[in-house]
Amino acid sequence: MTVHPVRTTPPTSGALRTSPVIALLLISAFVVVLNETAMGVSIPHIMDDFGVPAASAQWLTTAFMLTMAVVIPVTGVLLQRYTLRHNFFSAMSFFALGTAIAAFAPTFELLLAARVVQALGTSIMLPLLFTTVMQLVAPERRGRTMGLVTIVTAAAPALGPTVSGVIVSSLGWRWVFIIVLPVVVLAIIAGAAWLRNATPTMHARFDIVSVLLSAVGFSGLIYGLASIGEQAAQEGGLPAAVPVTVGVLALAGMVVRQLALRDTDRVLLDVRVFAGRLFTMSTILVVVVSISLFGSLILLPLYIQQVLGEPAYVAGLMLLPGGVLSGVLAPFVGMAYDKVGPRVLIVPGAVIVTGAMFAFSTLSADTEVWLVIAMHVGLSIGTALMMTPLMTTALGAVAPRLYPHASAIVNTLQQVSGAAGTALFITLFTVAATANIGTNPLTALASGVATAFGVGAMISAASIVLAAFLRKPPIISGEAPVPTDTKNEVSA
């Protein structure tokens, strides 16, 4: 069965007023992503309140990641099949419901279920933001807009622990959800008031086999990677190699299935986007940067608290300057991308990230606090120089009809690489610290940190070589914004 053509009507002035639409999506996505990383500092308090062990409490984060890994691949079809308003209200309603349940959950099990419902909304919102930007914003202005998107994808995860640390220390963990809830409700009201369907829709169907293979593949891979670090610290449990192997085999089957369905309306993730060199190279670099970013986000707080002996809120405040700077720089990097293209920004960014990782590999029990902050600021500058150009180049390198698929693929791989970075850094940290256990405990822990960042620096160094081959993608014919059909459009 061939794919049905995109349904279109002549543009309306309301549909083409894209700034309010993008602004609403940016604010909404920032809130949902900020909440994704807000649980870390809350876990000890939740353990005390519900009387659950650390192994159970960690599922508040792991279940969120697993849900994201399962749902994001499906958004390629959701964004093709349903309107902008439909997807927005679905995402924000799921997130609002999960937030409300979490805020007043009387049991740990209900809190865990609430996190899964929250993740459903986040899974839809992120690809929706990327795809809408690519469909509505003219190619010559995409860099500056994607710079704002990077605030969501890079700065929000970095700010999450800091914001939640302050809230938890002063008000308690439930207020992490209570404070967010009114903001989410206001976003839904704003969307109902003036959000219009200004993006194209097309006929698309769900292929159950593809959905099952995707769910098993990505969840198995992330669960296995998340288990590696835990198993490095203690024995027992299902070997991480089992879910990883099952996940890899399921993903291989999914790729074969997608190639078989490539000319039908049942393709879940059109893997033909990888036929383009620019998309493939940019996506590989996104994976490398995400490994460095998420690995650092998990390891630096551990180092600050366990080696330097600082409390959790101080660890959050130490990472705050880098997170804020990353968000401030992102729009300016986007504007620079529109003028000079990706290579001039990404190559220096890759050098700075690699240098920062090597600097982290020198951390010891005697390192000054200000020096750790400076190193993290350097890492934040490097990632800011890379993320916006990489995302813009990757999505701009595919045909407009493939935007939903490309967005879903990039966002899914970010989740997988985040789990991989966390597993890699924690495993290296644990193994190296254990090997030096006969020395001073603080020295042993610092040795583990140095080893993890040293390996991370070597991985990051490969990005310098790949970045040298990037260029700005050409404008693909037919990229002008196309509004959806009138029978789906709801006027403001």
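This passage walks through the nonpolar cores, aromatic pairs and internal cavities of a predicted model.

A good place to start is the interior. The largest nonpolar core has 108 residues, and Met125, Leu363 and Phe453 are the members that touch the most others. Helix H13, spanning residues 277–307, is the top contributor to this core, with twelve residues. For a closer look at one of these members, Phe453 can be followed outward: beyond its neighbours within four places in sequence, Phe453 is in contact with Ser296, Leu299, Leu300, Met357, Phe360, Ser361, Leu363 and Phe425. A second core, separate from this one, comprises 19 residues, including Ile46, Phe50, Ala105 and Phe108.

Aromatic rings come next, with seven pairs in the structure. One of them joins Trp173 and Phe177 in an edge-to-face arrangement, with 6.4 Å from centre to centre and 90° between the planes. Trp173 counts as buried because its relative accessibility is 4%, under the 20% cut-off. Phe177 is likewise buried, at a relative accessible area of 0%. Ring pairs also connect Trp173 and Phe177 with Phe50 and Phe108 in a cluster.

Finally, there is some enclosed space to consider. Two cavities of 30 Å³ or more turn up in a search of the whole structure. The second largest holds about 50 Å³ of space, and its lining consists of Leu79, Tyr82, Leu84, Asn87, Leu128, Thr131, Thr132, Gln135 and Thr199. Helices H6 (84–103) and H7 (108–136) are the elements that each supply two or more of these lining residues, and H7 provides the largest share, four residues. By character, this lining is made up of four nonpolar and five polar residues, with no charged ones.

Terms used. Residues numbered from 1 in each chain as written. Predicted model: local features only at pLDDT ≥ 70, side-chain atom pairs only at ≥ 80, totals over all residues. Heavy atoms only, no water. Core = buried A, V, L, I, M, F, W, Y, C linked by side-chain atoms within 4.5 Å. Buried < 20%, exposed > 50% of the residue type's maximum accessible area, 1.4 Å probe, protein only. Contact = heavy atoms within 4.5 Å. Phe/Tyr/Trp six-rings, centres within 6.5 Å; stacked < 30°, edge-to-face > 60°. 1 Å grid on protein atoms, 1.4 Å probe; cavity = no way out; pocket = protein on both sides within 12 Å on 5 of 7 lines; lining within 4 Å. Points joined across faces, edges and corners; volume = space filled by probe spheres on them. Nonpolar A, V, L, I, M, F, W, Y, C, P; charged D, E, K, R; others polar.
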